[in-house]
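Subject: Structure handover and notes

Dear colleague,

I am passing on the structure below, followed by my notes on what was found in it. Please read the notes with the structure open beside you.

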Amino acid sequence: MSADESQPSPHRLPPRGEARGRLASSLRGAVSALLPLARRLATMVVALFGASVLVFVVLNVLPGSPAQVILGTQATPAAVRQLTAQLGLNKPLVSQYFDWMGGLVHGNFGISYISHQSIGGQIGQALTVTGPLVLFALLIGLIIGLPLGLAGALRNGRVSGSFIGAMSQLGMAVPSVVAGLLLIVVLTVKLHVFPTSGFPGWSDPWQALRALVLPSFSLGMVEGAIMSRYVRASILEQLRSDYLRTARSKGLRVGQALRRHGFRNAAIPLVTVVGLELASLVVGAIVVENVFSLPGLGLLLLDSVNNRDLITVQDIAMLVATTVLVLNLLVDLSYRLLDPRLKGTA
Amino acid sequence: MSSAVLPNAPAAREVPADEAFADLERRGRWLRNPSVVIGGGIVALVVLSAIVSIFWTPYDPLAVNPAHALAAPSWAHWLGTDEYGRDEFSRLMASSQIALFVGALSVLIATAIGIPAGLLAAAREGAISQVVLRVTDILYGFPALLAAVVLAAAFGASKMTVVLAIGIAYIPVFIRVTRSNALVVLNSEYVLAARAYGRRTFSILRRHVVPNIATTIIAQMSLLFSLAILAEAALDFLGLGTVAPTASWGTMLASSQDYLGSDALLTLWPSLAIVACVLGFSLLGDGISELREARRRS
């Protein structure tokens, strides 16, 4: 993903158009294309393993006993011992880790000590809120960021361009908490346009969408500001490139040259940004859900922290970390897929 | 360098005229860059308010005064008072201490580990570099917010879990930036020349790599400082950091939530403080990188 790992190297392109050994060369091509993929996947598995060990160790290293937490301070030592055995907490940590991991791999998130409900079910329920929230926010971010960035690039060096740059700089400095609270003050308290907080459930899709509007905007506006800066930089780079100058000297206007040649090239770094923004939106949703009391993954996570429901925290933390890492991987792979110059580079 | 090599070298204090002009020109460029001037100005203001608040605030930021609860801005209370009658302006000032403390310490943790690790990964290809990069991969899975939630769940929320979480989350950023910038320098011809001259790797890192990447790193530090302040505000808002009654911009936002309908100013003041502070540090970082780019191009 970093610049130094993705230098295009024209020397390593597989030889083309040779009648002799074409099969062998295409086989070689396939291997050289798949080998980096396999390597990247392997490092991903290692990273996931490392992340799970990290989460498990941090959350289990403390001497406190979950059984004591569940039963309260008045519990007899015998009762605590019995519950500890029942929960499998008297086993060595290593086997507890593998119990947990084995469950996760099979999609079994376990049962919460506190609510006695299936954690997988709770997470699934929460995702019906967090999923749409993140997607709407991404959409809003793109709708704001793409035109703003394009305008910023085309107006570069003029007053209007500097103004756009200043606006996006300002937008990046606004935390989603602040954006959310200010939206509530203006649109809910003063104008009564949207519900303040809470979520009515998807049984009434219209009301559900209404409840998601403000949270999506608080997340999406900030991401739009960040996105516009990347879009601007990416298009500016194309505008300054030699091939675009050639296209313009052929008689194409700026817009035509960009449409025919520039956008395709400008899109490659933007795919990266969209992927990374998606990851930061998943994390940002944790905050925004708490501003608007939306029963999503973030609210579940915070409630679990406050109730000391450590196994739920452990599950959700692992889920979010996995999402972030998988998005990183997808960004990396799509980069190779979109840019043929990188084929076969490690 | 020594007079033995260059017997006719001029005395050290005599600076040629054009060089002196170049120096002035360089200083002028700093002061003419609006990002540096505005960003630096805001940062200076925040730092000043934090320092002053250690010795003096208009009121004790923790002093409760029910008779003056939710007062509007006035000469006595410039920005009004909160639901306990505590002076908003004093609380904003005291909060800047926490923001700067968390920002500085977390960036310090991230750089103290990230920069040496990045240099090591750049200088030693092979096993060591692989280990550093794999650890980077793992840490990328834990953005500041997630790391803070996990640490708060394990150790209880406090200012220090926030510092630790933000610091850890930014380690991989510094590793990446340091490594990729250091690799560019290490692959340059003058480093090859220095190697041919017999310089050891450590000495090359110290004499060539570090001075060359310093500006980039400083710009990155300023940007991450702004992100750290954003993260700190969000975490305090969630109740995962500084705990009430201590004043911080995030806790002020959290407690203002109950008065959105009646007293929106309580939300506005900490919001403005956060936005201004974050803007200051990110502008400063941007300005430093702009100047670096400009110098590289010229």
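How many residues of chain A are in contact with how many residues of chain B? This is a predicted model, in which local features need pLDDT of at least 70 and side-chain atom pairs count only at pLDDT 80 or more, while totals for chains, interfaces and linings use all residues. Residues are numbered from 1 along each chain as its sequence is written, and chains are lettered from A and ligands numbered from 1 in the order in which they are written.

To the question, then: 42 residues of chain A are in contact with 35 residues of chain B, two residues being in contact if their C-beta atoms, placed from the backbone, lie within 7 Å. On the chain A side, the elements that give two or more residues are H1, helix H6 (159-172), helix H7 (176-190), helix H10 (254-291), helix H11 (297-306) and helix H12 (310-338), helices being DSSP runs (H or I, at least four residues) numbered from the N terminus. H1(A) gives the most to this side, with nine residues. By class, the side of chain A that touches chain B has 34 nonpolar, seven polar and one charged residues, where Ala, Val, Leu, Ile, Met, Phe, Trp, Tyr, Cys and Pro count as nonpolar, Asp, Glu, Lys and Arg as charged, and the others, Gly among them, as polar.

Within chain A, domain 1 (55-81 + 91-108) and domain 2 (128-342) are distinguished, with bounds that come from an automatic or database domain assignment. Their C-alpha centres lie 38 Å apart, and six residues of domain 1 are in contact with seven residues of domain 2. On the domain 1 side of that contact, helix H1 (22-60) and helix H2 (66-71) of chain A are the elements that give two or more residues, and H1(A) supplies the largest share, three residues. The residues of this side divide into six nonpolar, no polar and no charged.

Also in chain A, Tyr243(A), Leu244(A), Ala247(A) and Arg248(A) of H9(A) meet Ala257(A), Arg260(A), His261(A) and Gly262(A) of H10(A). By class, the residues of this contact are four nonpolar, two polar and two charged.

Turning to chain B, Ala148(B) touches Thr161(B), Val162(B), Ala165(B), Leu235(B) and Leu240(B), when residues up to four places away in sequence are not counted.

With best wishes
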